[in-house]
Amino acid sequence: MPTDTPPGPLRLLVLGASLRTGSTNARLASLVARMLSDAGAQVDLATMREFDMPLYDGDMETAHGLPDGALALRERLERCDAFVLSSPEYNASVPGVVKNAIDWVSRVRPQPFKSKHALLVSASPSLVGGNRGLWALRVPLEHLGTRVYPDMFSLPAAHKGFTEDGQLSDAGLQERLRETVTAFLSLVEADVRYVCLQRRWYEFPGDRTEAPVTQRAED
């Protein structure tokens, strides 16, 4: 009789990265979370307001350690196999609250962004849907070792982009988002359960971090 137990569902953190009440990025995060749940994933849906933290200050870190909000976000990241970040665009770049959270959490050892898969999505009233902010957001995440999914999704004219039941008004964009989410989940499943890699990540050439090597045999 087989003793192997079936693997549990994939665990994904979905973070709406805006502080504004009624944020379109919170609505987009909720829609992505529903799509992931429908695909069988275990979803942890969160908002940035759950992770309150001051502006990063090295003196404050030395005197008091990491703030509770950063430690809470670290814990939620560590529990997931991958994460989705729905981020607004501020002046064609990353919102300060998002970058500040990344900077604080990156101070934890072991650093939790390392080797996680991430999908970036955005919603904006602009015609580009916040896409420029996502390109800027890739830089710190990839620097920290996150495997950011190549395809990103941006919802333009987001102030009129949702139906009353939380779906996208544009059927074509709804299908594109579903395809992107499904493909991302398939990649996460392949890496977590099947794909066999040997990898080690260093923050910079002189880093001596004793990162474990993952070894699995490829089919």
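**Exercise 1.** Which helices and strands each supply at least two residues of the lining of the largest cavity?

*Solution.* The model is a predicted one.
Step 1. Searching the whole structure for cavities of 30 Å³ or more gives 1. The space in the largest cavity is about 100 Å³.
Step 2. Its lining is made up of Leu13, Leu15, Met48, Leu73, Leu77, Phe83, Leu85, Val98, Ala101, Ile102, Phe113 and Leu141.
Step 3. At least two lining residues come from each of β1 (11-16), α3 (68-78), β3 (82-86) and α4 (96-105). With 3 residues, α4 gives the most.

**Exercise 2.** Sort the lining residues of the largest cavity into nonpolar, polar and charged.

*Solution.* The lining holds 12 nonpolar residues, no polar ones and no charged ones.

**Exercise 3.** Classify the aromatic pair of Phe83 and Phe113, and place both rings in the chain.

*Solution.* Step 1. The count of aromatic pairs is 3.
Step 2. The ring centres of Phe83 and Phe113 are 6.1 Å apart and their planes stand at 65°, so this pair is edge-to-face; the cut-off for that class is over 60 degrees.
Step 3. Phe83 belongs to strand β3 and Phe113 to the loop between α4 and β4 (117-123), so the pair ties together parts 30 residues apart in sequence.
Step 4. Both Phe83 and Phe113 are buried.

**Exercise 4.** Do the same for Tyr149 and Phe184.

*Solution.* Step 1. Tyr149 and Phe184 form an edge-to-face pair, with 5.6 Å centre to centre and 65° between the planes.
Step 2. Tyr149 sits in the loop between β5 (147-148) and β6 (153-155), and Phe184 in helix α6 (residues 171-194), 35 residues apart.
Step 3. Buried means under 20% relative accessible area. Tyr149, at 12% relative accessibility, therefore counts as buried, and Phe184, at 0%, counts as buried too.

Definitions and conventions
Residues numbered from 1 in each chain as written. Predicted model: local features only at pLDDT ≥ 70, side-chain atom pairs only at ≥ 80, totals over all residues. Heavy atoms only, no water. 1 Å grid on protein atoms, 1.4 Å probe; cavity = no way out; pocket = protein on both sides within 12 Å on 5 of 7 lines; lining within 4 Å. Points joined across faces, edges and corners; volume = space filled by probe spheres on them. Helix = DSSP H or I, 4+ residues; strand = E, 2+ residues; numbered from the N terminus. Nonpolar A, V, L, I, M, F, W, Y, C, P; charged D, E, K, R; others polar. Phe/Tyr/Trp six-rings, centres within 6.5 Å; stacked < 30°, edge-to-face > 60°. Buried < 20%, exposed > 50% of the residue type's maximum accessible area, 1.4 Å probe, protein only.
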